[in-house]
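Welcome, and thank you for taking a look at this protein with us. Take a moment to turn the model around before reading on.

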Amino acid sequence: MYDTILIPTDGSEGALAAARHGLALATAFESRIHLLSVVDERTYSSSIADVDSTVREQRDAFEREATEAVRILEELADETSVACHTAVEHGVPHAVIASYLDRHDIDLVSMGTHGRTGLDRLLVGSVTERIVRTSDVPVLTTRPDADERGSYERVLIPTDGSEAAAAAVGHGLAVADRYDARVHALSVVDVSGLMGAPDVGMNPDVLDTWTEYGERAVSEVAGRAEDRGLDVTTAVEQGLPYRAIRDYTRQEDIDLVTMGTHGRTGLERYLLGSVTERVVRTIDVPVLTVR
Ligand code: ATP
Ligand code: MN
């Protein structure tokens with residue numbers, strides 16, 4: 001399923017956490033890994049570097065830093081049985097990572113939610129956000145402070161019944177299958193959204209309708225899990241979706257969340273779906289996002 005996994009690194013704690021999870025996944029799937037660090041060419045002017053020795057020295061210093069970032073993760077990989085390829089390239093990080101995915105036929109990317117510059121920022125780092133939003137292959141994102149887990153025993157698949165959510169189900173089930181994990185399918189009825197809609201008001205019938213819709217969505221996931229012989233738990237809850245997903249993850253001691261980059265309402269939107277963005281940013285366990 002995942003023959004080749006890419007771990008991009010900027011030498012940060014976030015990349016290190018992502019590397020640990022990426023390596024564990026590579027061990028489980030017997031994948032090869034690629035370690036890539038991109039020297040951001042916007043931090044030096046490449047045309048000036050050709051003629052100006054000071055700028056050239058600066059560029060070389062950045063390149064040594066990138067090489068070191070890759071070397072640290074290579075040492076981690078050496079402690080495992082995973083075969084490892086390393087690369088240092090120059091360019092704009094998200095663009096180089098995106099083209100690397102194509103050039104090397106990568107099946108999955110594992111990266112940090114944050115990198116070197118944005119740790120105290122509220123949002124997901126801009127490089128990761130771009131890759132999650134545009135990549136054709138699934139992206140495993142890990143917070144710098146995420147728990148280290150040797151294996152995944154409980155995999156959560158949140159679903160709003162949309163096609164976008166369904167895209168992630170196959171990947172969630174494949175990972176669960178590989179680890180012999182229990183699948184949890186969760187659908188959250190967004191009560192705040194229901195109350196905000198003027199035409200539905202507080203009509204209890206509307207809540208019933210959405211609850212039934214959620215039950216259909218989770219039983220669809222459960223059916224696919226059972227087809228593969230996996231154990232499943234289903235749940236339909238009310239609340240703010242990202243909070244309910246986060247609370248469920250803690251209560252049920254979930255190890256991994258697999259979800260679509262978009263849901264029912266945001267498909268046309270250019271940005272990442274808001275529930276996914278919040279889950280990726282706030283949850284203590286890795287999240288596998290699928291476009
Ligand atoms: P920002 O750069 O948007 O200010 P940030 O540095 O916190 O914020 P990102 O740059 O998106 O966040 O970093 C998140 C992850 O992206 C890192 O953990 C790493 O996996 C990857 N990454 C970031 N920059 C590079 C790079 N230059 N080369 C390779 N991987 C990178
Ligand atoms: Mn960065």
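Which residue of β7 is the bridge partner of R154? The partner is R182. Please keep in mind during this tour that the model is predicted.

**Strands side by side**

R154 and R182 make a handy starting point, for they pair up between β6 and β7. These two strands run parallel and are joined by five bridges. Strand β6 covers residues 154-158, and four of its five residues are buried, so the strand counts as mostly covered under the 20% cut-off for a buried residue.

From β6 we can step across to another neighbour, β9. The pairing of β6 with β9 is again in the parallel sense, this time over two bridges. Here L156 is the residue that stands opposite V257 of β9.

Strand β9 spans residues 256-260, and five of its five residues are buried. Its residues point in two directions: L256, T258 and G260 go one way, while V257 and M259 go the other. Both groups are buried.

What lies beyond β9? Strand β10, made of residues 287-290, is joined to β9 by four bridges, and the two run parallel. Within this pairing, T258 has L288 of β10 as its bridge partner. If you follow the named pairs on screen, you can walk from R182 in β7 to R154 in β6, then find L156 opposite V257, and finish with T258 and L288.

**Charges that meet**

Side chains of opposite charge can pair when their charged atoms come close. How many salt bridges does a search of the whole structure find? The search finds 15. Three of them are listed here, with the distance between the closest N and O atoms.

| Salt bridge | N to O distance |
|---|---|
| E68 and R71 | 3.0 Å |
| E75 and R71 | 2.5 Å |
| D247 and R246 | 3.8 Å |

R71 appears in two of these rows, with E68 and with E75. The residues concerned sit in helix α3, which covers residues 53-78. E68 lies three residues from R71, about one turn of the helix, and E75 lies four residues from R71, also described as about one turn.

How open are these residues to the surroundings? E68 is partly exposed, with a relative accessible area of 35%, and R71 is partly exposed with a value of 35% as well. E75, at 44%, is partly exposed too. Through salt bridges that share partners, E68, R71 and E75 become one network.

In the remaining row of the table, D247 meets R246. D247 counts as partly exposed because its relative accessibility is 32%, a value between the cut-offs of 20% and 50%.

**A patch of negative charge**

Which residues gather in a patch of negative charge on the surface? They are D180, E226, D227 and D231. D227 belongs to helix α8, which runs over residues 204-227. With a relative accessible area of 71%, D227 is exposed, since that value is over 50%.

D180, another member of the patch, has its place in the loop between α6 (163-179) and β7 (182-190). D180 is exposed, with a relative accessible area of 68%.

**Loops with something to notice**

Most residues other than glycine have a negative phi, and most peptide bonds are trans. D180 has a positive phi, near 55°. A positive phi of about 55° is found for D253 as well, and this residue is not a glycine either. D253 is in the loop between α9 (241-251) and β9, so it offers a way back to the strand described above. Is D253 buried, partly exposed or exposed? At 39% relative accessibility, D253 counts as partly exposed.

One more loop is worth a visit, the one between β4 (108-112) and α5 (126-134), where T117 is found. T117 counts as exposed, at 72% relative accessibility. Where can you look for a residue to compare with T117? Try S12: these two are 105 residues apart along the chain, and their C-alpha atoms are separated by 8.9 Å.

Definitions and conventions: Residues are numbered from 1 along each chain as its sequence is written. Chains are lettered from A and ligands numbered from 1 in the order in which they are written. This is a predicted model: local features need pLDDT of at least 70, side-chain atom pairs count only at pLDDT 80 or more; totals for chains, interfaces and linings use all residues. Side-chain values use heavy atoms; hydrogens and water are left out. Buried means under 20% relative accessible area, exposed over 50%, partly exposed in between (1.4 Å probe, protein chains only). Two strands pair if DSSP finds at least two bridges between them. Patches are made of residues with over 30% relative accessible area and no salt bridge: like charges are joined within 9 Å, nonpolar side chains (Val, Leu, Ile, Met, Phe, Trp, Tyr) within 5 Å. Accessible areas come from the Shrake-Rupley method with a 1.4 Å probe; for residues, only the protein chains shown count as cover. A salt bridge is a side-chain nitrogen of Lys or Arg within 4 Å of a carboxyl oxygen of Asp or Glu. Lys and Arg count as positive and Asp and Glu as negative; His and the chain ends are not counted. The place of a charge is taken as NZ of Lys, CZ of Arg, CG of Asp or CD of Glu.
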